[in-house]
Each structure stands twice: as structure tokens, then as C-alpha cells.
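Subject: Structure for you to look at

Dear colleague,

I am handing over the structure below, and I would be glad if you kept it open while you read the notes that follow it.

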Amino acid sequence: MTKLRSRKIVAAVLPALSLPWLTACGSDEGGGGSIDLASECGIDQEVLDKATEEGQVVYFSPSADDQLQRISQKFNAATGIEVSVNRQPTGDLIQQVDTSLEAGTVPADVVGLAEPSGFIKWTDEGVLEEFEVPNADDFVDGLKDPNRYSYPNSLLLFGIQYNETLLEGSVPETWDALSGDLDGRIVAFGNPASSGSALAATYGITQTMGDEYLATFAGADTTITDSSLTLNQLILTGEADFAVPGIESEVMRAASGGEPLKMIYPEEGVPATTGEIGVLADAPHPNAGLVFAQWILCSAYQDQIKDEGYRPVLKDSPAPDGVPPLEDLTIVTVDVPDLLATRDEVIANFDEALG
């Protein structure tokens with residue numbers, strides 16, 4: 001049976017919940033619980049009851065605002081529990097959590113990161129609570145790393161994105177073609193120092209093409225942005241012709257809404273990693289945080305994650321419409337422990353080439 005989480009330090013962290021970067025999100029329909037999470041997701045009923053008493057969960061995530069709003073509304077409709085969200089790039093979220101912990105407060109219950117290397121560090125430091133997922137056997141084989149206390153909640157692929165209505169000339173099908181035939185066209189890059197998606201993608205690209213690849217953009221017209229989510233806007237407005245990383249989920253979400261974004265899956269290799277979530281130790285709402293994490297990893301949510309453009313982590317949950325099968329792509333899986341060990345080197349290489 002899943003153990004109940006202690007609330008021993010709630011009084012110490014409640015002041016942090018009123019900070020301006022927190023937004024309360026819920027369903028206008030209010031509570032009630034339209035889904036039986038105990039039976040559908042295997043969540044312990046006693047933990048559910050305690051979570052309902054707590055009434056709130058604080059979620060830090062780099063996901064887009066509209067996606068977080070929908071997640072919050074769906075969870076509130078299922079449980080009656082309100083979700084307060086804090087959206088920032090992965091690097092900023094990690095820094096905020098670390099700063100709060102140094103000050104003696106736990107600022108969130110659940111944290112999502114766009115790449116999992118931060119969870120390795122937090123597992124080693126005792127920042128994360130080890131928790132169980134009742135449906136863990138339903139995960140795609142090999143996605144869960146038993147050495148860290150976090151779980152994959154989406155499979156992320158990175159490539160090149162462009163606007164099919166604005167782009168003139170040929171479309172590069174390879175990383176080599178992107179850098180070799182720009183002809184004055186602008187490439188926007190996410191900054192790996194602040195964006196977890198950009199960090200994972202930059203690592204995967206250099207693993208595929210070599211550390212010298214980024215230097216081939218020397219002299220080209222490039223733009224750097226701290227948040228990879230900004231890349232969509234730069235492409236849609238024509239401020240850039242190509243963007244790296246093209247985040248498959250973001251491109252698919254925009255395309256499903258009628259935006260003319262397209263994703264290129266380079267032939268040399270498509271970097272892939274997992275978005276992950278973890279529950280913070282001594283969280284202010286420990287039971288609500290646990291229920292929220294288990295719900296995100298259950299088919300109750302994973303079956304719907306395709307609507308956000310994400311590839312699910314459960315074997316039987318459907319992938320988004322229009323994405324190529326994984327077996328048709330050359331997937332370059334990001335080695336997360338090595339990424340953590342070489343993070344500073346990856347960022348320094350990026351800065352030297354494009355900074």
C-alpha cells in the first residue's frame with residue numbers, strides 16, 4: 001500500500017504559495033471527481049481522501065500556458081483538487097527550486113522538466129520523494145531509469161521546424177544541409193543554458209554530427225532565445241526561417257490549431273529524450289502531489305496526451321495524428337547521465353560557436 005505523505009512542514013512553505021508567478025487553475029465545473037481514480041489508475045483510496053482534504057497541488061513545469069491550463073482543468077474535474085502552476089524554462093525552474101530549498105522552503109509538490117538530467121542531481125541530493133506508479137508495467141520498455149526518482153511522462157523528439165507558408169526555396173532534410181545552404185536565411189536556436197529541450201537537443205545533435213557542427217553556422221544570421229517555446233513564434237512571424245530545436249510536440253500542437261508549422265526529422269539522426277515529472281520530498285501537499293503525478297502517468301491522462309502533440313509513455317496509448325512511426329526514423333537517444341556530466345561542456349561549445 002502506498003504510504004501517506006507527511007504534512008509536517010506545510011506551515012513553513014505556505015507563504016511561498018502566494019508568490020505572483022503562481023496561477024491557480026481549475027475547472028469551472030468544480031470538484032466531484034468524474035473518474036474513479038482508485039479503480040482506473042490503481043491509486044490508493046486513502047491517499048485520494050487525504051489529497052482531497054489538502055485540496056491543492058503546486059506544479060512547476062516548462063510546458064506551454066494553454067497546455068498547463070487544460071491539464072489543470074482535467075485534474076480538477078477528476079478530483080476536485082485545484083492546481084497552481086508555475087511555468088518557466090527548465091533551467092529557471094531548477095534554479096528556483098534549488099534557491100528555495102537553500103532558504104529552507106519547498107516551493108512545489110510536483111516538478112516537470114523537459115529533460116531528465118536535473119532529476120538525477122535531485123535524486124542524489126535527496127530532493128525527490130521516491131514514489132510508485134501502479135501501472136508501471138504498462139510503460140514502454142526502457143524509458144524508466146530505476147536510478148532516479150522521476151518518471152517519464154512524454155517522449156520528446158527534436159528536429160528542425162519551419163513555416164511552410166513563408167519559407168522560400170528548398171527544405172533541408174539533413175543537419176548538414178541546414179548549415180550548408182542557408183543562402184541568407186535565418187536560423188533561431190534555443191539556448192541550452194536555460195532551456196532543457198535545447199540542452200537535450202544540442203547534446204543529441206553534437207553526438208550525431210560532432211562538436212564542430214555548431215561552428216559551421218559561424219557567419220550565418222542566427223538568433224538565440226532563452227526559451228525553446230519562443231521558437232514557434234519566431235517562425236510564425238517570419239523573424240526566423242528555421243528553428244532548432246524543432247520540438248515535435250510543440251509543432252504538432254500548433255499545426256493542430258491551424259498554424260502552418262512543419263517538422264523536419266533529419267536523416268542523420270533525430271535526438272530523443274523524455275519529459276519527466278518528480279515529487280519533491282517534504283512537499284506542502286504531499287498526497288495531492290502524489291495523486292497528481294500518478295494521474296498524469298495513468299491512461300486516464302496518457303490516452304489524451306496525443307491531443308497536446310506528445311507521444312505517450314504507455315505502450316497502448318495512441319500517438320498524435322500525423323507523426324511518423326519511430327521505426328521510420330533514425331532515433332538518437334540522449335544518454336542522460338552523460339548529458340549531466342558534460343552539461344557545461346555542451347553549453348560552452350554552443351556559446352563559443354553561436355554566443
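Please keep in mind throughout that this is a predicted model. I begin with Gly 180, which has its place in helix α7. Gly 180 has a relative accessibility of 64%, and because exposed means over 50%, this residue counts as exposed. Its C-alpha atom is separated by 8.4 Å from that of Phe 217, although the two residues are 37 residues apart along the chain.

Helix α7, which covers residues 175–180, also holds Trp 175, and this residue takes part in a ring pair with Tyr 213, which sits in the loop between α8 (196–209) and β8 (222–225). The two residues are 38 residues apart, and the pair therefore links distant parts of the chain. A pair of aromatic rings is described by the distance of the centres and the angle of the planes. Here the centres of the rings of Trp 175 and Tyr 213 are 6.5 Å apart and the planes stand at 75°, so the pair is edge-to-face, given that angles over 60 degrees count as such. Both partners are buried, since buried means under 20% relative accessible area: Trp 175 has a relative accessibility of 1%, and Tyr 213 has a relative accessible area of 5%. The count for the model comes to 12 aromatic pairs.

Ring pairs also link Tyr 59, Phe 75, Phe 292, Trp 295 and Tyr 301 into a cluster. A charged side chain meets a ring elsewhere, where Lys 144 lies over the face of Tyr 151, at 4.7 Å from the ring centre.

Some of the cluster residues return when one looks at how two helices pack. Helix α4 (residues 65–79) and helix α11 (residues 286–296) pack at an angle of about 110°, and their axes are 11 Å apart. Because angles of 65 to 115 degrees count as roughly perpendicular, α4 and α11 are placed in that class, and α4 passes α11 in a right-handed crossing. On the α4 side the contact is made by Ile 71, Lys 74, Phe 75 and Ala 78, while on the α11 side it is made by Ala 288, Val 291, Phe 292 and Trp 295.

Which residues does Ile 71 contact, leaving aside its neighbours within four places in sequence? They are Phe 292, Trp 295 and Tyr 301. Ile 71 itself lies in helix α4 and counts as buried, at 5% relative accessibility. The C-alpha atoms of Ile 71 and Phe 60, which are 11 residues apart along the chain, are separated by 12 Å.

Helix α6 (residues 117–125) has as its buried residues Ser 117, Gly 118, Phe 119, Ile 120, Trp 122 and Thr 123. What covers these buried residues includes α5 (90–102), β4 (110–113), β5 (128–129), α8, β11 (270–280) and α13 (336–354). After α6 comes Gly 126, whose phi is positive, near 80°.

Lastly, Ile 186 lies in the loop between α7 and β7 (187–190). Leaving aside its neighbours within four places in sequence, Ile 186 is in contact with Asp 221, Thr 223, Glu 239, Ala 240, Asp 241 and Phe 242. Ile 186 and Ala 243 are 57 residues apart in sequence, and their C-alpha atoms are 8.6 Å apart in space.

With best wishes

Conventions
Residues are numbered from 1 along each chain as its sequence is written. This is a predicted model: local features need pLDDT of at least 70, side-chain atom pairs count only at pLDDT 80 or more; totals for chains, interfaces and linings use all residues. Side-chain values use heavy atoms; hydrogens and water are left out. Rings of Phe, Tyr and Trp (its six-membered ring) pair if their centres lie within 6.5 Å; planes under 30 degrees apart count as stacked, over 60 as edge-to-face and the rest as tilted. Helices (H or I, at least four residues) and strands (E, at least two) are DSSP runs, numbered from the N terminus. Buried means under 20% relative accessible area, exposed over 50%, partly exposed in between (1.4 Å probe, protein chains only). A charge sits over a ring if NZ of Lys or CZ of Arg is within 6 Å of the ring centre and within 35 degrees of the ring normal. Axes are lines fitted to C-alpha atoms, for helices over the stretch in contact, and angles run from 0 to 180 degrees between N-to-C directions. Angles under 35 degrees count as roughly parallel, over 145 as roughly antiparallel, 65 to 115 as roughly perpendicular and the rest as oblique. A crossing is left-handed if the near helix is turned anticlockwise from the far one by less than a right angle, and right-handed if clockwise. Contact means heavy atoms within 4.5 Å.
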